[in-house]
Amino acid sequence: MRCLRPLAAFGILCLSGCAAVIGSVTGPIMSDLSDALSGAILESDDPETVRDGAPAFLIMLDALLRQSGENPDLLRAAASLNGAYATAFVADEDRRKAFSAKALEFALQAACLDIAWTCDVRTMGFPDLERNAAELQAGDVPATYALATAWAGWIQAHADDWNAIGDLARVKPLMARVVELDEAYDHGGPRLYMAVFETLLPPSSGGRPEVGREHFERVLEITGGRHLMAKVFFAESYARLVFDRDLHDRLLNEVLDAESHAPGLTLMNTIAQEQAHDLLDSADDYF
């Protein structure tokens with residue numbers, strides 16, 4: 001389903017916290033190694049190398065979870081990396097579904113340990129979910145964001161299943177509350193997710209593209225325009241939806257002309273520039 005495609009690259013946004021979290025539960029030597037790994041991943045301008053090296057990190061996380069299976073920080077790190085790997089680097093549909101399901105399960109376990117009501121978040125009545133989400137506090141942001149992003153990744157991997165797509169209605173209140181509590185978290189990630197959620201459908205089908213545009217523009221304000229993937233999503237999710245060719249091409253050319261290296265965003269920006277090329281190449285066929 002094309003409308004869910006923009007969710008696919010979000011996984012790499014989750015890499016920022018993975019390695020540092022491992023250090024908090026494994027001692028000073030591993031902490032130093034984790035910090036180094038995290039920096040190497042996020043500041044890499046070679047996505048292929050990251051893709052090839054990520055499985056080793058996944059295996060390390062699985063090993064650590066055998067010893068600390070009820071550590072919410074470690075579970076969130078495992079959820080983030082499994083989701084990132086699935087959405088950004090796994091082409092095989094069955095494997096992508098398996099990794100995304102594993103990521104969601106880890107995120108659910110972590111959230112359940114930190115926020116009791118989320119143990120039933122997938123089955124509770126929607127009014128109860130909305131009420132509970134509205135009562136989340138600033139300290140709940142990491143758990144809630146990890147859950148919402150893993151859930152969104154799982155939905156993207158199951159985009160051929162309308163029952164899975166229906167879960168977006170449960171994810172949105174969680175992410176909307178994170179926006180209220182800390183819109184700048186993870187380089188404006190909560191705003192970026194909400195922007196895509198609001199532009200998945202045209203207005204005639206319930207989409208709210210102008211609300212989505214406000215979210216996109218806020219992400220660019222938060223990051224000083226350095227978040228190049230936000231511009232790619234802006235072009236693909238909003239400009240194409242409303243058939244604004246001028247905005248589409250301007251955003252993508254800005255991405256191609258920009259410096260990709262930025263703290264915590266280099267890897268994502270490098271991928272953004274690759275996607276900008278593809279979108280410009282296909283623009284004549286789309287518009």
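Helix H7 (residues 141-157) has 16 of its 17 residues buried, so the rest of the structure largely encloses it. Buried here means under 20% relative accessible area, with exposed over 50% and partly exposed in between (1.4 Å probe, protein chains only). Helices (H or I, at least four residues) and strands (E, at least two) are DSSP runs, numbered from the N terminus. The model is a predicted one, in which local features need pLDDT of at least 70 and side-chain atom pairs count only at pLDDT 80 or more, while totals for chains, interfaces and linings use all residues. Numbering starts from 1 along each chain as its sequence is written, and side-chain values use heavy atoms, with hydrogens and water left out.

The length of H7 holds no surprises: its 17 residues should span 24 Å at 1.5 Å a residue, and the end C-alpha atoms are indeed 24 Å apart. The expected span is 1.5 Å times one less than the number of residues in the helix. Gln156 also sits in H7, and with a relative accessible area of 13% it is buried. Its C-alpha atom is separated by 9.9 Å from that of Leu168, 12 residues apart along the chain.

On to the core. The largest nonpolar core takes in 79 residues, and those with the most contacts inside it are Val121, Leu147, Trp151, Leu174, Phe197, Phe216 and Val232. H7 supplies the largest share of this core, at 10 residues. A nonpolar core is a set of buried Ala, Val, Leu, Ile, Met, Phe, Trp, Tyr and Cys residues joined through side-chain atoms within 4.5 Å. In soluble globular proteins, nonpolar side chains tend to be buried together.

As for the chain overall, it has 14 helices and 0 strands. Of its 287 residues, 54% are buried. Among contacts (heavy atoms within 4.5 Å) between residues at least 6 apart in sequence, 68% join residues at least 24 apart. The exposed surface comes to about 12300 Å², of which carbon and sulfur atoms supply 50%. Accessible areas come from the Shrake-Rupley method with a 1.4 Å probe, and for residues only the protein chains shown count as cover.

Helix H12 (residues 228-239) goes all the way: 12 of its 12 residues are buried, so the rest of the structure largely encloses it. The buried set includes Lys231 and Glu236 along with Val232, Phe233 and Phe234. Cover for the buried residues of H12 includes H10, helix H11 (209-222), helix H13 (245-257) and H14. Its end C-alpha atoms are 15 Å apart, which agrees with the 16 Å that 12 residues should span at 1.5 Å a residue. Just ahead, in the loop between H11 and H12, comes Thr223, which counts as buried at 5% relative accessibility. A polar atom of the Thr223 side chain lies 2.9 Å from the backbone oxygen of Val219.

Helix H14 (residues 266-286) has 21 residues and reaches 29 Å from its first C-alpha to its last, close to the 30 Å expected at 1.5 Å a residue. That said, H14 has a kink of about 30 degrees centred on Leu280. The bend at a residue is the angle between axes fitted to the seven residues ending there and the seven starting there. Buried residues of H14 include Thr266, Leu267, Met268, Asn269, Leu279 and Ala283.

Helix H10 (residues 185-198) holds Asp186, which counts as buried at 13% relative accessibility. The Asp186 side chain makes a polar contact with the side chain of Tyr145 (2.8 Å). A polar contact is a pair of N or O atoms within 3.5 Å; within protein, one must be able to donate a hydrogen and the other to accept it, and residues adjacent in sequence count only if both atoms are side-chain atoms. Asp186 and Gly264 are 78 residues apart in sequence and 9.2 Å apart in space, C-alpha to C-alpha. As for backbone angles, Asp186 has a positive phi of about 50 degrees although it is not a glycine. His187, likewise not a glycine, has a positive phi of about 60 degrees. His187 is placed in H10 too, and at 28% relative accessibility it counts as partly exposed.
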